[in-house]
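Subject: Structure for you to look at

Dear colleague,

I am handing over a structure that I would like you to look through at your own pace. Please open it first, and then read my notes below alongside it.

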Amino acid sequence: MTTTDLQPRAINTLRFLSADAVQQANSGHPGLPMGAAAMAFTLWTRHLQHNPRNPRWPGRDRFVLSGGHGSMLLYSLLHLTGYDLSLDEIKHFRQWGSKTPGHPEYGLTAGVETTTGPLGQGFAAGVGMAIAQAHMAAEFGNDLFDHHIYAIVTDGDLMEGVSSEAASLAGHLQLGRLIYLYDDNRISIDGSTDLAFTEDRAARFAAYGWHVNKIEDGNNVDAVDAAIQAAKIHPQPSLIVCRTHIGFGAPHKQDTAKAHGEPLGDEELNAAKQNLGWPVEPRFYIPEDVLAFYREAIDRGGKSEDEWNSKFEEYQKANPEKGAELERRLAGKLPDDWESALPTFPADAKGMATRASSGKVLSALSAKLPELIGGSADLTPSNNTNFDGAGDFQKDNPIGRYIHFGVREHGMGAALNGMALYGGLIPYGGTFLIFSDYMKPAVRIAALSHIPSIFVFTHDSIGLGEDGPTHQPIEHLAALRAVPNLTLIRPADANETAQAWKLAISNRAGPTALALTRQSVPTFQPSNFPTVEKGAYILASFGKKKADVILMASGSEVWLIYEAAKKLNEEGISVRVVSFPSWTLFEKQDEAYRESVLPRRVKARVAVEAGASLGWERYAGPSGRIIAIDHYGASAPGKIVMEKNGFTVENVIAKAKELL
């Protein structure tokens, strides 16, 4: 630094660039940037390895602002250090079409590592990134993956249950590259955290197995610096508890909820500037020497990336095969022949559960796709998510490709997102479909952010049987279908399941959810299954004339309509059987294809699915019939539960005849 006062002015630049943007927008959260500016300054100027000119450089540290409501702190850091984020974008904070939305969005703003805002999501995604770092370092060497995952986390993050799940897992796995700065300002929207959050947070994290350090003054740059240095050499994940003051400098609103979720107001903002020796005007003031200091990150980051590239070149020369593999994976490319590993299953009246065929497909793909890594929320034997030779990912075996997430569905979902964002991996995670509710926020973040996580949901209907209505999903398929950019696939048999995995692996533009059965379903003749990618297709046609009636279904109910179609045809009725594994994919097809599958002229239509009826009217039409379940199930053998709720060949036939 060129002058003794540069450091405090650089910190105040962060504070007031952020507060000015919130004030101009008349919307936002000024308190966090003002209170956490000093520790953010310390991390970004003394520790963070990053290159503003290449935000996707694989060798960089990752930084997550888990308290996404304080987004202006991150935007200020990105602008000041030289990312592609102009001052004009800062001035258009929270405005239509800007790159500075209210909460950081991955893919919209250069330098944003993950979408945050729903509290705890960033915390847990960071744990996923640390899992990915440990695995990639074990597979390809520490020299190339010698970096850290940093985050600023808040009181709200620590209150959310997802952070408890993720912190517990991180402590168990001893993810030592994880370093979180806790913005301990003790204020939430309702007021003091004494209202609802009084446990000893430091002791809690120590109990999780974290290294915990306390900083009494979060504005003490040297103390924060020393704590980060200590955390870097510690084998445990680290939580640095920094006592901060929300809205620091504001004479009337510091340490109050008023600084949390609303602009300070011109009078209070001006008083805060005067209080900290900052010019009241102009707004968005950035001293030239401060900007020059922050922009040193460009040269520093460029040199760091050059050094990393040299290491990578040396690695490729010494390990040409693994070097090529790493290059492919970091580029997000799949092996040329990977689809050849997909199994084909012969026709079989007895068949198997689609969760079982999913396990077989996963095992077949694992050898061709070394980047495939995943696990289950303590339901491995039920989800069939492990594969031969995977090895358990543990603190002493980070090369393992199977993660025991424990009973932590929400933490698992968010961690999968972090793993996918890290790069070089294709993560998946399994649980029962009913528990998709527990991880819905992470599923939604994946869809919003175009993160290609794969969610394996088994036990997908009342057909699971004896566990009863607490475990039998009803509304869940409809709820997941309502999530924009989530591809839900409910395959009918083993071959559709293989194609579903193909589509999930290939989908790099968003998450995929697979809904799989507990119970066995027949395997159809493997002929039409490549058209699973169309979302719906003609599985069979019975009769020589044009269809009198169309029977359509997804998943385990496809065999019902197939058997019903055969019996109807014996009575001289022509029937078209449509397998409908994915509404999402079907809606992406052109009108001509959709018309070829569901021609408008055929008004007699029956839709069958062991889930809520909501949405099927779109395809059954106003004259059609829907066999579904819009109430809770019951505890009994699955076959009986299905029969008692109308999922029988006889009922399908009866509903079809009502239309003729």
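To begin with the overall form, a compact globule of 660 residues would have a radius of gyration near 26 Å, and the protein has 28 Å, which agrees with that expectation. Please keep in mind that this is a predicted model. Taken along the principal axes, the C-alpha atoms fill a box of roughly 95 × 60 × 45 Å.

Within that box, the protein has 24 helices and 20 strands. Of its 660 residues, 61% are buried, and among the contacts with a separation of 6 or more, 77% are between residues that lie 24 or more positions apart.

One pair of helices may be a good place to start looking in detail. Helix α2, which covers residues 31-46, packs with helix α3, residues 71-81, at an angle of about 40°, and their axes are 10 Å apart. An angle from 35 to 65 degrees counts as oblique, and α2 and α3 are therefore oblique to each other; their crossing is right-handed.

Which residues in α2 and α3 meet each other? From α2 come L32, P33, A36, A37, A40 and W44, and these meet L73, L74, L77, L78 and T81 in α3. The residues of this contact between α2 and α3 divide into 10 nonpolar and 1 polar, with no charged residue among them.

With best wishes,
A colleague

Methods. Residues numbered from 1 in each chain as written. Predicted model: local features only at pLDDT ≥ 70, side-chain atom pairs only at ≥ 80, totals over all residues. Heavy atoms only, no water. Axes fitted to C-alpha atoms, helices over the stretch in contact; angles between N-to-C directions. Helix = DSSP H or I, 4+ residues; strand = E, 2+ residues; numbered from the N terminus. Parallel < 35°, antiparallel > 145°, perpendicular 65-115°, else oblique. Left-handed = near helix turned anticlockwise from the far one by under 90°. Contact = heavy atoms within 4.5 Å. Nonpolar A, V, L, I, M, F, W, Y, C, P; charged D, E, K, R; others polar. Rg over C-alpha atoms; globule rule 2.2 N^0.38 Å. Buried < 20%, exposed > 50% of the residue type's maximum accessible area, 1.4 Å probe, protein only.
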